[in-house]
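Trainee: I would like to take a close look at a single part of this model, with enough of the surroundings to place that part in context.

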Amino acid sequence: MKDVSNIPIVPMSQFLRHAFDILKNPLPFHHKKFSENGDLFCLSIGFNTKVYFCRNVAFLEYVLKKNQRNYKKSKIQTEDISKYVGKGLLTIEGDHWRTQRKLIQPAFHKKQLHLLLDKIKEAITEEYEKLPLGKTIDVFPIFNDLAFKTVVNSLFSNAATNEDIKRLQFITEENQKMLIKELRQPYLGWWFSASGKIKKHLNFSEEAKQILKRIVDERKSSGKRFNDLLDMLLDARYEDGSAMDEDQLIDEILILFLAGHETTANALTFTFQLLAKHQDWQERIYQERSSIKKESEEVMNLVMRSKVCQQVIEESMRLYPPVYFIDRVNITEDSFNGMTFKPESNLLFSLFEIHRHPDLWEKPEAFMPERFSEGERKFSSQYFPFGAGPRKCIGNNFAMFEMIIAVSELVFKYKIRSEFDDIEISPLITLKPKNAFLSFEARA
């Protein structure tokens, strides 16, 4: 049996030589090393620290599905992120995670989401009324606002004031910026702590929790129901009949803000950039939406029948997966394909590389939504925009419903023009768009 000593090793000297470029965008470095070394290589980033980079789809399925109980999330999520957003579904492990997942999952079933669709559409159309027509703009801030307000509207209905929304959005984004600095510049950890920067952002988190606590307390005392996510979370009961305590509820809501808005904003921005470059698909979505509108204005009907729109979104997330890597650490020694990994080995799977792997996809760099059409869909084992296995994103249906409504409504009302040459990316905690300049023209 082979061990990991047979895996190609990229020495620390190469990492340091490209450190500045990696800080800005590590993906070209990763791609070069995959091209040179195959689908699995080891990067030495310290005297005793190694990370195994992988784009082997069978290994990813093994880790996420077949032997998922022997793998846990890395320190990045369970410690670094959790210090800002608390202990919720994204950041917890083991029995605590299983208990919370079982409790919260019903709130995200399609039947329950049906109750939220009007709130989602209302938030989206309200933001679209603010679109400046005939001007070239960077659209990411617009879709970031849209996605954040959609989450707020779905969670709280009208319980959060505009001031609450602005402050929660500011805190969420500032804490993410701080986290990125900590992860990309670990050698400055002492300075972040000594200068009070970490304490400042932890205070931001506490302020956000106090805002959410006030909203939750007001909802409880009002005696009114809105059939939003907050009502569903307040109604949720553990097997012993008890409800979530308030601290746990606040942590889960904070994570919904973090996980529920930025990834959607990223995906929408990339999707509209691709549509701006491919006017034929823009027109196909318009014709589909027009046909659906003639029959029914019911939002669930729109969501379920927008097949072309869904194909475009899925292809966009293939090319630009908002969550572009998945990291895991094995709990006990484990073997795959003749390689044995010691406990606590750091594994990083590149979804960006898997989604563009030439052995897995025809014309992997091309925008081809037709590959996701009915009858052609053969990608369940190589397509992971929401992860896979027991820890697959709990909000995947919510996100898809929201994006279908957002894309279909915008294309129905406006023509999108590209004001950029190439799609640029900024790989941070998520894969973010950069310089996404578009213009919009009202349809006649």
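Which residues of the largest nonpolar core touch the most other members?

Mentor: This is a predicted model, and within it the largest nonpolar core has 106 residues, of which F156, I253, F257, F272 and F440 touch the most other members. The largest share of this core, 15 residues, is contributed by helix α14, which covers residues 246–277. I253 offers a useful view of the packing: once its neighbours within four places in sequence are set aside, it is in contact with L155, F156, L212, V216, L230 and L233, and F156 is itself one of the residues listed for touching the most other members of the core. There is also a second, separate core, made of 22 residues, and among them are I7, Y52, V63 and A388.

Helix α14 holds a polar residue that deserves attention as well, namely N266. Because its relative accessibility is 0%, and buried means under 20%, N266 counts as buried. Apart from neighbours within four places in sequence, N266 is in contact with F140 and P322, and also with T430, L431, K432 and P433.

That last run of partners leads towards N435, which is placed in the loop between β13 (431–434) and β14 (437–442). N435 has a positive phi of about 55° although it is not a glycine, and at 29% relative accessibility it counts as partly exposed. A second asparagine can be set beside it: N227, in the loop between α12 (197–222) and α13 (229–235), also shows a positive phi, near 55°, in a residue other than glycine, and with 37% relative accessibility N227 counts as partly exposed.

To place these details in the whole, the chain has 19 helices and 14 strands. Its radius of gyration is 22 Å, close to the 22 Å that the globule rule gives for 444 residues, so the chain is as compact as a globular protein of that length. The C-alpha atoms fill a box of roughly 60 × 50 × 45 Å along the principal axes. Buried residues make up 55% of the 444 residues, and, of the contacts with a separation of 6 or more, 74% are between residues 24 or more positions apart. As for the outside, the accessible surface comes to about 20,300 Å², with 52% of it belonging to carbon and sulfur atoms.

Key. Residues are numbered from 1 along each chain as its sequence is written. This is a predicted model: local features need pLDDT of at least 70, side-chain atom pairs count only at pLDDT 80 or more; totals for chains, interfaces and linings use all residues. Side-chain values use heavy atoms; hydrogens and water are left out. Helices (H or I, at least four residues) and strands (E, at least two) are DSSP runs, numbered from the N terminus. The radius of gyration is taken over C-alpha atoms; the globule rule is 2.2 Å times the number of residues to the power 0.38. Buried means under 20% relative accessible area, exposed over 50%, partly exposed in between (1.4 Å probe, protein chains only). Contact means heavy atoms within 4.5 Å. Accessible areas come from the Shrake-Rupley method with a 1.4 Å probe; for residues, only the protein chains shown count as cover. A nonpolar core is a set of buried Ala, Val, Leu, Ile, Met, Phe, Trp, Tyr and Cys residues joined through side-chain atoms within 4.5 Å.
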